[in-house]
Amino acid sequence: MPRRSLKPCGAAWCISSGAPFVLGLIAALIMCWWIIPAVFFVQKEQPVAFTHASHIKNQNCADCHFLRADGSFSAIPSTEQCASCHADMQGTSAAEAGYIESYVSAKKEVPWLIRQKQPAHVFFSHAAHNADSCRQLGCHGEYVDENALCSTCHADVSALDTAPYLENRLTGYSKDTMRMQDCKSCHAEQTHLEMTDAALACNTCHK
Amino acid sequence: MKRRDFIKFAAGAGAGFAVSPLPYNLAGDLAVWSQNTTLNVPDGENTFAYTTSKLCPSACGLKVRLLDGKVLRALPWEEHPLGGGVSALAIAEPQLLHSPARVKTPLLRSAHGGFTPISWTEAERLLLRKLREAEGDVLCLSGDETGSSSAVLSAFLKGLGSDKMYFMPSEAQCASLAWQMAHSPGAGNPNSLYKAANTQVGFDLEKAGFILAIGANFLENWGTFIRNRRVFAQKSGQREDNFALVYAGPVHNQTASAAGRRVALKPGAETVFCLGLAALLVQKYERRLNDRGFNVIERNLNSFTPAYVHARAGVLPSTLEDVCEKLIRAQNPLVLCASAFNQGSGLGPSLAGFLLNLLLRGPLNVITLHTPNLAGVKTRSEIFRNDFVKDLRKAGGTLPAKLAVFYEANPAYALPEPTSAAAAIRATPFKVSFTPFMDETALLCDLILPTLLGLEKLDDIESPHGCGKGFYALCRPLAAPAAGIRQGPRHGLDVLLETASGLGLRLPANYETVLKNKARDLALNWNDLLNGKAVERNSPALDSSSFSFNLFEKLLFEALKTEPPEAQLSLAVLSRCALGTPQTGIPPFALKTAWGKELLGTSLLALMNKSTAQKFGLADGAEITLRSRTAELVARLKIFEGIAPDSVALSMGFGHTALDAFSRNKGANLFDLLQAVEEPGSELMVWDKTGLNIPLSRQTTIAATQQGDTRPHFEPYSAAPDVKPGLFRRQMAARRLTPPARGGIHSRRSKTWSEAIIKRRDITLQDGLPV
């Protein structure tokens, strides 16, 4: 009579045979979700403690980040532009005092760490994505809030002010930099494509 | 842990890794990392500034795009009097600022033969000492015909006691001398014959209802060719008054491509063809001029029968009569007669052109030139009277002075027999080159002083050859001197003017003062000029009574009595504006306009029609040796039917041994084949009639036999009857644009188009010529 094997079954089998697998799975998930990604980024401080939250209270985005007459985008304001208000102290903070002393008085540009910096070969026109273009199409109603439109692509800046600037060690870009899939979310969307002629061809964005 | 447990743990870890976002994020980061470059695209505000091109001989207007004040791009300035497009050279001006061939600091030849950088102060001190040692035995050769620099240089030389101020030879010189001599009252010493020292001829294309271009490639390199293109595009596009263009020349060039009718001429036969037409006008249509000297012209024209023109120029009598009839019927016909490569033609073509225009009452203007008011200054016309090639020949093996100043001129490359010119430069005790680029001549000099380019310096441009009315504009500094260029004077001539004060000469302190005084004398607002304003001045129409024909017998008909050199082939020179000037070399973007296989090695492409090639037993692609009386050159044969019979066409602009990588060691220098001879009557040196022989070697014969030619054979273009406005002109009319600035006759589009037209013809050949 053949001898019957004494293999464990049920919960006992899981514990005895599946435990190493489960342990590996849990360990990898912890490493890959939390520990390794943190290693990829280095936290940096902005040279000036600037806060969008206090500026957005009585200003629009376009007051500082405007389109020039030739259609190009001014992006980060120069010290000269900032000095139109901050030539003298507007508040009482030490950060503002330091800014005026180090940059406005010294007529130096601030080496900002730019969250939305894109590679040189990526072409993006703010002029083609502004509120006027949307108003003309009328898809989002007659009134398109300019600040809300900015936040369609850019993260909520008032929330970002408090978030640390994390630079990817491999790419050199900010963690908040838009990726191609962010652009594709509109450019590859059929309805949007039909309404705006926003082609998905490579050379629409890559020059 | 057992082995099996470890495998289970690894499998679990792998599964965890796979379901986490890490692999996807990592892949994305790697993709971005792989695209990271050091390329830095500048960002800033775009502005536009308007100026006039100093580098381009057409002096076209430029709309310069600046990004945060830095020059980025040159665009056409449509409203400029000489604009309407942009040439291959002018469009490359922003890139040429950063050419690796730029001279960045004063250089002194050292004892071991190389160059040592020196300071501006040292350079000025050395120049002052050498000028004192030369004791007035100084010459200056300038490549800047249109600026006030020549006036300053001539006044400087006069102060030193020298009259040896020269320009590089050009069509402008031939036209100016012909103009001056045509205004002379009588015979005598040639140097006392020149009159009209302050005027030049203006070609009023805007008024012309019919243009006959004889030799003059007026849509590609003759005169103000960008403005010529604009006027032609407007007129042909609007079908203005049945406007038509006829081109007569040895090569099917860009002008021929756009012309309604094309006539094949033997190279250098422009004058004969022109006089054949004049003879027909006088004899058949009884056109005459009320001048006492005209009977001499009439008597001489009797010998220019259609049969004689056929024998000398290769044009059939019926063609001659047909063209003549078109001229008679046209309203305001204008004849442009010049060398097809813009130099070396002597006075013949220009004088014959004047005669034909006067008979036809063509729209010619009189342009008054303004010369800065300096002690001992020479006008542009007076400087043209000095023939550098002749004086170089006379001096025998050296330059005709102890000290030579080359101002933006490159004689070691762009004179006939350049090796002799280079040897003469070497043999001269001290020579200085004012140049923006390290060219062939600079390499032979003892002192090199960098000059700035048109986008970096303040300079002026006055009435370039070929313009219709008086023209004046400034080019001004839009860009800071390119990186690495050591800061020095604002203009190269400021060094000379400072030296002048050291020598005790009475000259203005700097070049800007000269220009300001000139603007004041011309009653022009300096600030307007600084803002780019280009001024067109009123120029009266030519009054034929101001012309004198007394010298025409001596200057024009005498020259034609000499027979062309006996040779198997006549050389037709192709001058392509995309290949730049001798000073600049080939502009950065223009190298791609070279024809297929043209840049293989250091030989040239020789264009020949098939019947001519068959005479020598040659096939397409054969390597041939072309031998002139003084030199020989290896070329590769390309069958092209747009060449007159018994002729071979070669391109000029290749074969630089200096300058940058875009120009150096590409092809051969055509000037090696050219030999200057004296034009009877005017005693001006000419080199537009070069005979070539092909010494058939064994290799050539084998190459010809082995390769064979299976390409379709098209008939010679000379036979083409009138062509209705074709694709080329329709496209220009539709787009209101000038013809393409690059590509030339061999660009894929125009070649295909011209071949397509040729293909449609039914041609009968008689005596090797089309009927």
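1. A good place to start is the contact between two domains of chain B: 20 residues of domain 2 of chain B are in contact with 17 residues of domain 3 of chain B. Do keep in mind that this is a predicted model. On the domain 2 side, β1 (46-52), β2 (61-67), β3 (70-76) and α3 (93-96) of chain B each supply at least two residues, and β1(B) gives the most, with 4 residues. That side of domain 2 of chain B is made up of 12 nonpolar, 5 polar and 3 charged residues.

2. For orientation, the domain assignment divides chain B into domain 1 (3-34), domain 2 (47-96), domain 3 (107-172 + 373-536) and domain 4 (565-718). Taken over C-alpha atoms, the centres of domain 2 and domain 3 of chain B are 23 Å apart.

3. Next, have a look at helix α18 (residues 418-427) of chain B, where Pro418(B), Ala421(B), Ala424(B) and Ile425(B) are buried. These four lie on the same side of α18(B), because they cover an arc of only 120° around the axis. Among the elements covering the buried residues of α18(B) are α16 (388-395), α17 (411-414), β15 (430-435) and α19 (440-444) of chain B.

4. Finally, the contact between the chains: 25 residues of chain A are in contact with 24 residues of chain B. Which helix gives the most to the side of chain A that touches chain B? Helix α1 (residues 11-40) of chain A does, with 13 residues. By class, this side of chain A has 16 nonpolar, 6 polar and 3 charged residues.

Conventions. Residues numbered from 1 in each chain as written. Chains lettered and ligands numbered in written order. Predicted model: local features only at pLDDT ≥ 70, side-chain atom pairs only at ≥ 80, totals over all residues. Contact = placed C-beta atoms within 7 Å. Nonpolar A, V, L, I, M, F, W, Y, C, P; charged D, E, K, R; others polar. Buried ≥ 20, exposed ≤ 12 C-beta atoms within 10 Å, placed from the backbone. Arc of directions from axis to C-beta. Domains from an automatic or database assignment.
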